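Please look over the sequence and the structure below. The paragraphs that follow lead through a few of its features.

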Number of protein chains: 2
Amino acid sequence: MTNISGPLIQAKNTSKKSGSLMQKANPKTDNPLFVGSVEKAFSVLQAFGQHKKSLSLKEISEITGIGKSAAQRFCYTLVELGFLERDDSSRRMRPAARLLGLSHSYLASNPISSIAAPYLLQARENSGEAVNLGIPMDQDVIYIARLASTNSHIAHPIVGGRAPMFCTSSGRAYLSTLSQDEISDLLDESDLTPITRHTIIDKQEILRKIDDVLNKGYAMANQECIVGELTIAAPILGPDHKGIGSVNICVTRPAWTMESVEEKLAPIVCQTAHNITLALSN
Amino acid sequence: MTNISGPLIQAKNTSKKSGSLMQKANPKTDNPLFVGSVEKAFSVLQAFGQHKKSLSLKEISEITGIGKSAAQRFCYTLVELGFLERDDSSRRMRPAARLLGLSHSYLASNPISSIAAPYLLQARENSGEAVNLGIPMDQDVIYIARLASTNSHIAHPIVGGRAPMFCTSSGRAYLSTLSQDEISDLLDESDLTPITRHTIIDKQEILRKIDDVLNKGYAMANQECIVGELTIAAPILGPDHKGIGSVNICVTRPAWTMESVEEKLAPIVCQTAHNITLALSN
DNA sequence: GTAAATAGTATTGTTATTCAATACTTATGT
DNA sequence: ACATAAGTATTGAATAACAATACTATTTAC
């Protein structure tokens, strides 16, 4: 009876190369085909990712690193296009509902969430708990489908939420399908700042946990993102046997313990991930 | 036992003033603060809205009305930024998961969906059927929270989906809170093309149905968007008693009839919409 | 299997559009 | 009420975006 129904961590920049727009020689962005204005516009929209609330022009200018004039012009443009809303009294901007249309085009065009849906529903029914489908995105996992636990009457989890890979069961399940080098590189690029006092930040220990996944078939995390939250996850494999995402189930203490999670939920996540893997390969 | 769990109509351009980017004197876009490149970039992303599948460069160029070179540059840019994915073998573009981050910033910043969530869950529990929360967007309703019916084991509805206002219960529930002039104007700007053979397209008849909502407190639609789908909706009011959205419940024939919907579901939608209205005003 | 046609990619010179700076206006807080 | 800070409007300069076009690769037709 709690409102914790999944990893709700907001998309903190979990990459080391953080900060404002990098302006180093970049083969990608130096290409004359690259339109810099577009990058700036999106940097404005993404400024709202980390700082949930609304933002003032000045804050946007500071967060994005684009100047005051630029912030002004891009905010004006985005408001005109309907992707930002401006509160005329406070002059603060906030993301507008039109943004949902963009995510809709992803969800509608990409079969993974619709193919996975019935299996996720089944997993939720079998477990009664919150079930999530996540895919890798940089050093994070991004949740593309989320089901609240059947007895959560408080909140429903939000699609598009992100959590660091290194300290989530979802992330470690996915990582277990990569080569040692790939895992190591990703961890090196991750910001291993602890989120709770249970977050494991020692690279060797993380590697050991990831290695465990290969033996057991599932990954677990004990309150590493949210105090009181226990999660278990299994990887979904692509045609080349590399991970393309993972299924996880989240529960809370003290109703659950790591032992009961392992006993009751491991078979469900593994079966679900396996079913989705098969469904996707057809 | 069907997979129809809500209005899944894709965002057909329901405005009359359709077609490519308008290049008439427009006080909004003529403002020197307006950055045209941003508009073009979003027009590329939105091209995927109506045409679910992936798109080739040429198709994007044609749909958006921006030239071939421009399509090339904006696609390159969007791919680099990670908002589009390019299939190297087919050279076709499709929306990428990173777009979910944008919708997440909306959902996380706007309290409406989280405040409404518990009431929607309750409505779903009481009805067992699919429940949606929609808000107005141009001539459409956009669904910002969706719950599948408890016995839908097939699919889950996608947030961000749109459906025309004039022929949905959600839309007409919302419209009923506007002034006659506002309703009339919106209908005039709507593309009243029938979607099914049950779609009501006569303006007078639509106005009559909207007027009915004022008496009954709820709107209904009989297979106007999807054959076999019956829906009922009630408006959510803002502080000024103007609508800010609506709650609807969708069911399917032949398990349900218009009569049974009215009898069983009207009290639920009305109560839910009322509860959400109250919750938002606090 | 070859040719024709179509789609995608790279390059370039021109100029329109974005740009930062700054002046001006409105809000905020002491 | 004044001072400070934030937001808005304007402008001239020049960069970055632009469309056209040449080039390459891939599909389609025969």
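**Cysteines and the DNA surface**

B:Cys75 is buried, with 1% relative accessible area. The model is a predicted one, and this value is computed from it. A:Cys270 has a relative accessibility of 27%. That places A:Cys270 in the partly exposed class, because the class lies between the limits of 20% and 50%. Over all chains, the structure holds zero disulfides.

The next topic is DNA strand D. Around this strand there are 18 residues, and the closest are A:Gly36, A:Gln72, A:Arg86, B:Lys40 and B:Arg73. By residue class, the surface near DNA strand D has seven charged, six polar and five nonpolar residues.

Both chains contribute helices to this surface. In chain A, helix 2 (36–50), helix 3 (57–64) and helix 4 (68–81) each supply at least two residues. In chain B, helix 2 (36–50) and helix 4 (68–81) each do so as well. Helix 4 of chain B gives the most, with four residues.

Which parts of DNA strand D do the atoms within 4 Å of the protein belong to? Sugar or phosphate accounts for 70% of these atoms, and bases for the rest.

Individual contacts involve both phosphate and bases. A backbone N or O atom of A:Leu57 is 3.4 Å from a phosphate oxygen of DNA strand D. A:Lys68 has a polar side-chain atom 3.4 Å from a base nitrogen of the strand. For A:Gln72, one of the closest residues named above, a polar side-chain atom lies 2.9 Å from a base nitrogen of DNA strand D.

How values were computed: Residues are numbered from 1 along each chain as its sequence is written. Chains are lettered from A and ligands numbered from 1 in the order in which they are written. This is a predicted model: local features need pLDDT of at least 70, side-chain atom pairs count only at pLDDT 80 or more; totals for chains, interfaces and linings use all residues. Side-chain values use heavy atoms; hydrogens and water are left out. A residue is near a molecule or strand if one of its heavy atoms lies within 4 Å of it. A polar contact is a pair of N or O atoms within 3.5 Å; within protein, one must be able to donate a hydrogen and the other to accept it, and residues adjacent in sequence count only if both atoms are side-chain atoms. Ala, Val, Leu, Ile, Met, Phe, Trp, Tyr, Cys and Pro count as nonpolar, Asp, Glu, Lys and Arg as charged, and the others, Gly among them, as polar. A disulfide is a pair of cysteine sulfur atoms within 2.5 Å. Buried means under 20% relative accessible area, exposed over 50%, partly exposed in between (1.4 Å probe, protein chains only).
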